[in-house]
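Hi,

Here is the structure I said I would pass on. Have a look at it first, and my notes follow underneath.

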Amino acid sequence: MNLSEYSRRPSGEVRIGRVVIGGGHPVAVQSMTNTDTNDTEACAAQIERIDRAGGGIVRLTAQGRREGENLANIVRKVREDGFDTAIVADIHFVPEVAAIAAKYVDKVRINPGNYRMDHGELEALIAQCRERGVALRIGVNHGSLSKRVFDRWGDTPQGMVVSAMEFLRVCKAQGFDQVVVSMKSSNTRVMVAAYRLLVEAMDAEDMHYPIHLGVTEAGNGIEGRIKSAVGIGALMADGIGDTIRVSLTEAPENEIPVAELLVKHFARRPGKFPVLHPERYSPTEYRRRTNVAVPVVHTEPLEGFCVIEAVSENPTAELRAAILNLDTPRPVVVKRRYGETSPETLAVKAAADLGVLFLDGLADGIWIDAPGFAEEEIRNIELMILQAARVRFSHTEYIACPSCGRTLYDIEKTLAAVKSRTSHLKNLKIGVMGCIVNGPGEMADADYGYVGAAPGRITLYKGRTVVERNIPQEEALDWLVELIRDNGDWVEP
């Protein structure tokens, strides 16, 4: 990692249909359908909407053989409609479906947690992908590590890297370089640490595979955009990332403008900012620079703090260098002026620029200077950035998946209903998950969970523990409120 100036991480080229990533190509943006993969017309129509919005890569779930085979019809329909969108199959639980999907799509994403390393399944898939020119994504999820890895490493960034490297070594041994790798988590600190550790591990073994970035289960609205920008921005600021997805619990085409904003924001980061004390910085180990327990926002007392304002077009590197070069133990408020007129654009840019300084334990306060915005609106954005960076919790956080063809209920409508009943609660994390693929694992970071178990049925969790199974969906929200109440976390609005 170059602390002094911006440079893209070198990576090899990977072709995904018409889209080429890595090798100096622009960062590509992508999304995922939330339609039933058995519904050819609905999937094709949504793929085409995403493509028209600017997403040249679209992923679909293929949870079973029937869905895997129907990818052929979906690809055919999209091509007949005149779209050359790169189409990706997402495989969980059933490795055999990857072999079916690889007959039809441009890339196959597999989860190492679902594979047995001693059965030759990966080698067989690599041979098939090589034959058709299909790319492969090794997609590690914080919430679904294999039992073997979890038992040794737990659900840690290190465990995620171990899981990825096992598979990347097989790809390298097979001489297969059309590989992309991702390390996703709903916890931005875990996600950023995992990617940085992965880059270190790959560099040590002379691997240069392109990297796909994303924060899973980021939620919706401005909170979801901020959470994604904090995690993705932290890595893009240091040149990591060849393709990104902003996962929102909204229509998938809504993800594309946010991703494009991030790509444009990091396309140019000029300036050199020498770091005199690099030993003070550890990208893979969270260390607080001071003993300030709760970082502040700009409307709170700033006595005893020193304020450092970024004035360059590379505010992240500028502020990081300034803090690391300080010869004083005083806590630091980081400040940046923005001339934006859109609240969403302001929030995304500020989160991408400043969030990493809190993820890394360097900053103690945030000051967004944005003329034209009400002070309370700026304060709320600042608080959301601090919460997304896991350093100050001021409101209910929703760990909500963006939904896909596996989702067992209307997750957008349900998330809105859950928010309407619980958003007044403070310092709680509530998971709203469409299915069991990542739900239980990702909710290790949540206090309570609402997970689709079967059509019309919901299972409720307290942390990782199942509390009630298969509740009728029409009753599940009341049950969730009672669960929160029974555990002493409920207050009346």
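Asn427 lies in the loop between helix 13 (411-422) and strand 16 (429-433). Its phi is near 60 degrees, a positive value in a residue other than glycine. Asn427 is partly exposed, because its relative accessible area is 48% and that class runs from 20% to 50%. Bear in mind throughout that this is a predicted model.

Another non-glycine with a positive phi is Asp206, at about 55 degrees. You'll find Asp206 in the loop between helix 7 and strand 9, and at 53% relative accessibility it counts as exposed. Glu205 is in the loop between helix 7 (188-204) and strand 9 (212-213) too. With 28% relative accessibility, Glu205 is classed as partly exposed. Leaving out residues up to four places away in sequence, Glu205 touches Met165, Arg169 and Lys172. In case you want a distance to check against your own scripts, the C-alpha atoms of Glu205 and Gln178 are 17 Å apart, with the two positions 27 residues apart in sequence numbering.

There is a positive phi in a hairpin as well. Strand 18 and strand 19 form that hairpin with 2 residues between them, and Gly463 in the turn has a phi of about 60 degrees. Strand 18 (residues 457-462) and strand 19 (residues 465-472) run antiparallel and are joined by 5 bridges. Lys462 stands opposite Thr465 in strand 19.

Now the overall picture. The protein has 15 helices and 19 strands. Its C-alpha trace spans about 65 × 55 × 45 Å along the principal axes. For 493 residues, a compact globule would have a radius of gyration near 23 Å, and the protein has 22 Å, so the two agree. Of the 493 residues, 62% count as buried. Among contacts with a separation of 6 or more, 71% are between residues 24 or more positions apart. The accessible surface comes to about 18400 Å², and carbon and sulfur atoms account for 49% of it.

What about the inside? The largest nonpolar core has 124 residues, and those touching the most other members are Val108, Ile110, Leu136, Leu168, Ile244, Leu262 and Ile368. Helix 11 (residues 343-359) supplies the largest share of this core, with 11 residues. A second, separate core of 25 residues includes Tyr398, Met433, Tyr448 and Tyr450. To give you a feel for one of the well-connected residues, Ile110 has contacts beyond four places in sequence that include Ile91, Tyr115, Leu122, Leu136, Ile138 and Phe167. Its contacts also include Arg137 and Gly139.

Strand 14 is worth a click. Of the 5 residues in strand 14 (residues 365-369), 4 are buried, so the strand is largely enclosed by the rest of the structure. Strand 13 (residues 332-337) runs parallel to strand 14, with 5 bridges joining them, and Arg337 has Asp369 as its bridge partner there. Strand 11 (residues 296-297) is also parallel to strand 14, through 2 bridges. In that pairing Val297 is matched with Ile366.

For another buried spot, try Ser228 in helix 8 (residues 221-236). Ser228 counts as buried because its relative accessibility is 0%. Apart from residues up to four places away in sequence, Ser228 touches Val215, Ala218, Gly233, Val246 and Ser247.

Last, the annotation. UniProt, in an unreviewed entry, places the feature "binding site" at Cys401, Cys404, Cys435 and Glu442. Is Cys401, one of those positions, buried or exposed? At 9% relative accessibility, Cys401 counts as buried. Cys401 lies in the loop between strand 15 (397-400) and helix 13. Setting aside neighbours within four places in sequence, Cys401 is in contact with Glu217, Thr249, Ile411, Val432, Met433 and Gly434. Met433 also appears in the second core.

Cheers

Terms used
Residues numbered from 1 in each chain as written. Predicted model: local features only at pLDDT ≥ 70, side-chain atom pairs only at ≥ 80, totals over all residues. Heavy atoms only, no water. Pairing = 2+ DSSP bridges. Buried < 20%, exposed > 50% of the residue type's maximum accessible area, 1.4 Å probe, protein only. Contact = heavy atoms within 4.5 Å. Core = buried A, V, L, I, M, F, W, Y, C linked by side-chain atoms within 4.5 Å. Rg over C-alpha atoms; globule rule 2.2 N^0.38 Å. Areas by Shrake-Rupley, 256 points an atom, 1.4 Å probe, with all protein chains shown as cover. UniProt positions renumbered as here; feature names shortened; annotations may be inferred.
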